[in-house]
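Here are a few exercises to work through with the model open beside you. Take them in order, and try each task before reading its solution.

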Amino acid sequence: MTADRNKHGGTRAACVRWLGVALVATAGTACAAAPAPSTSQSRGGSSFTSETVVERARAKAAQAYVEPVSTLPESYKTLDYDAYRDIRFRPEKAQWRDAGLPFQAQFFHPGFFFQFPVAMYEVTGGKSAPLRFSPELFTYGPLVKPGPLKKADGYAGMRLSHPLNRSDLFDELVVFLGASYFRALGQGNLYGLSARGLALDTATSRPEEFPAFRELWLEKPAPGADRVVVHALMDSPSVTGAYRFTVIPGANTVMEVEATIFARKPVEQLGVAPLTSMYLFGENDRGDYDDFRPEVHDSDGLFVWTRTGEQLWRPLQNPERINVSSFQVDSPRAFGVLQRDTAFAHYEDLEAHYERRPSAWVEPVGEWGPGVVRLVELPTPDETNDNIVAFWVPQKPLAAGDSLRVAYKLHWGSRSPWPVTGATVVSTRLDAGDSWKGARLKDARPMRRFVIDFSPVPDLKESTTPVELVVSAGSGKVLRPIANRHTPSGGWRATFELHPASPAVPTELRAYLKRGPETLTETWSYLWIP
């Protein structure tokens with residue numbers, strides 16, 4: 001495993017991926033878990049309401065930021081990957097296990113990347129009480145040369161489990177670990193992409209800032225509860241924040257998120273509801289990888305649903321240089337980073353099982369106003385790095401002293417949370433085309449043919465009016481646009497060729513199918529890079 005090597009203009013938008021364990025971290029301190037509060041706050045229980053964390057965040061924002069200092073022994077700061085994995089939580093010690101509740105909590109040990117423990121609390125009957133670190137909750141394998149850790153100010157993070165797939169087995173449901181990162185699963189899923197609380201100045205000329213959850217409160221669920229609530233206090237040099245997560249497991253696990261952000265300093269690019277994923281190569285962007293697997297990615301596209309009703313699909317790429325794309329959307333209905341391709345034969349990976357990675361849809365609650373959905377694609381040499389980030393950027397920057405309340409739902413799973421009303425993009429493929437073979441010998445401009453497969457159009461009635469492919473290009477010429485029935489699937493195949501205006505200029509492309517005045521499909525959007 002390697003550390004993050006994607007450094008662009010001071011930003012470190014990608015985080016190291018550790019396959020096989022629920023870790024999300026960046027080398028160094030960027031994605032490390034955050035420090036605990038003062039010990040006086042950690043002693044004893046106290047009253048707790050829905051506004052407790054909001055008021056704590058408001059008070060912290062009025063104070064100068066204090067850089068965290070790790071109190072962990074040096075031997076735990078320098079644990080390597082294998083030694084850290086040799087520390088395991090004892091399942092029989094899970095919080096709420098003995099009470100027979102429908103949710104259980106386990107905790108991650110501090111150390112390795114996670115050098116600033118997070119304070120944990122349990123909320124019961126309007127009172128919060130600290131969940132103190134204890135080495136008795138863990139087993140320490142032979143690779144852990146320091147031996148059991150005697151004490152710590154908290155844990156690295158926590159995971160919640162629930163009978164998600166079988167009534168007699170508690171499956172891992174959601175993990176909070178590293179900075180403000182978290183991720184969840186729907187039924188049948190394996191961990192893939194992650195979310196985080198905020199993204200600050202991602203892929204800009206300014207250094208990226210990683211706010212961190214410093215404290216977590218777990219509300220004890222009632223017997224038979226179908227949901228569980230987690231609160232989080234965020235802190236960073238520029239912002240503080242109070243988060244409330246209501247986690248509702250199911251075929252698609254839903255997280256209802258309520259966030260209140262307070263700015264200590266001006267924030268030029270505030271990334272709301274950020275999603276982070278990995279795309280190495282796929283059908284539209286094979287690269288030069290000598291790999292037996294046809295595709296390697298946790299996600300294959302960005303989905304944007306506008307207030308006007310247009311649905312847009314942007315296939316992901318692993319570019320040679322950083323790509324930043326912005327989609328102007330006033331109060332979007334939804335956006336997400338999806339893994340639409342769920343066929344094992346398209347990955348052939350018996351260990352990673354990329355076909356079981358979840359999609360994540362962000363559904364805003366209330367009016368978000370004008371802004372953009374921003375997609376950042378970073379180059380990555382291997383699948384250990386997350387190199388895809390997508391988030392919402394409000395049009396108005398956050399000034400020092402400002403606050404922002406935002407609410408949204410996160411849907412984690414493999415099926416769209418909403419009924420599909422039009423055909424969706426199934427695949428995107430490119431080749432050299434065949435209409436300019438003679439011309440290519442005399443013309444240095446590369447010709448490209450695009451082959452886009454759409455799913456069947458729901459409830460499409462028979463008609464003598466032909467189905468047409470509508471294509472637009474930011475530059476160059478579009479040649480031979482054709483729409484044909486995709487007989488094996490019952491869907492449609494769209495093909496066209498692009499004659500670029502320049503061999504060095506990227507071209508934005510858009511395409512959809514229509515019949516007469518009726519739009520039949522979502523809009524395919526693609527950035528072709530020479």
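**Exercise 1.** How do the residues lining the second largest cavity divide into nonpolar, polar and charged?

*Solution.* Before starting, note that this is a predicted model, where local features need pLDDT of at least 70 and side-chain atom pairs count only at pLDDT 80 or more, while totals for chains, interfaces and linings use all residues. Residues are numbered from 1 along each chain as its sequence is written, and side-chain values use heavy atoms, with hydrogens and water left out.

Step 1: list the lining, which is Val-118, Ala-156, Gly-157, Phe-176, Leu-177, Gly-178, Ala-179, Phe-213 and Leu-216. On a 1 Å grid over the protein atoms alone, a cavity is a set of points where a 1.4 Å probe fits but cannot get out, and lining residues have an atom within 4 Å of a point.

Step 2: sort them. Ala, Val, Leu, Ile, Met, Phe, Trp, Tyr, Cys and Pro count as nonpolar, Asp, Glu, Lys and Arg as charged, and the others, Gly among them, as polar. The result is seven nonpolar, two polar and no charged.

Step 3: place the lining on the fold. Strands S10 (169-177) and S14 each supply at least two of its residues; strands here are DSSP runs (E, at least two residues), and helices are runs of H or I, at least four residues, numbered from the N terminus.

**Exercise 2.** Describe the largest cavity.

*Solution.* Step 1: about 110 Å³ of space lies in the largest cavity, the volume being the space filled by probe spheres set on grid points joined across faces, edges and corners.

Step 2: of its 15 lining residues, Glu-283, Asp-300, Trp-313, Val-426 and Ser-427 are the closest to the centre.

Step 3: the lining divides into five nonpolar, five polar and five charged residues. Strand S29 gives the largest share, four residues.

**Exercise 3.** Which residues of helix H2 are buried, and what covers them?

*Solution.* Step 1: within H2 (residues 52-61), the buried ones are Thr-52, Val-53, Val-54, Ala-57 and Ala-61. Buried means under 20% relative accessible area (1.4 Å probe, protein chains only).

Step 2: the cover includes strands S3 (46-47), S14 (212-219) and S28 (403-413).

**Exercise 4.** Why does Val-471 count as buried?

*Solution.* Step 1: Val-471 counts as buried because its relative accessibility is 19%.

Step 2: find its place, in strand S31 (residues 468-473).

Step 3: beyond neighbours within four places in sequence, Val-471 is in contact (heavy atoms within 4.5 Å) with Val-478, Pro-481, Phe-496, Arg-510 and Ala-511.

Definitions and conventions: Buried < 20%, exposed > 50% of the residue type's maximum accessible area, 1.4 Å probe, protein only. 1 Å grid on protein atoms, 1.4 Å probe; cavity = no way out; pocket = protein on both sides within 12 Å on 5 of 7 lines; lining within 4 Å.
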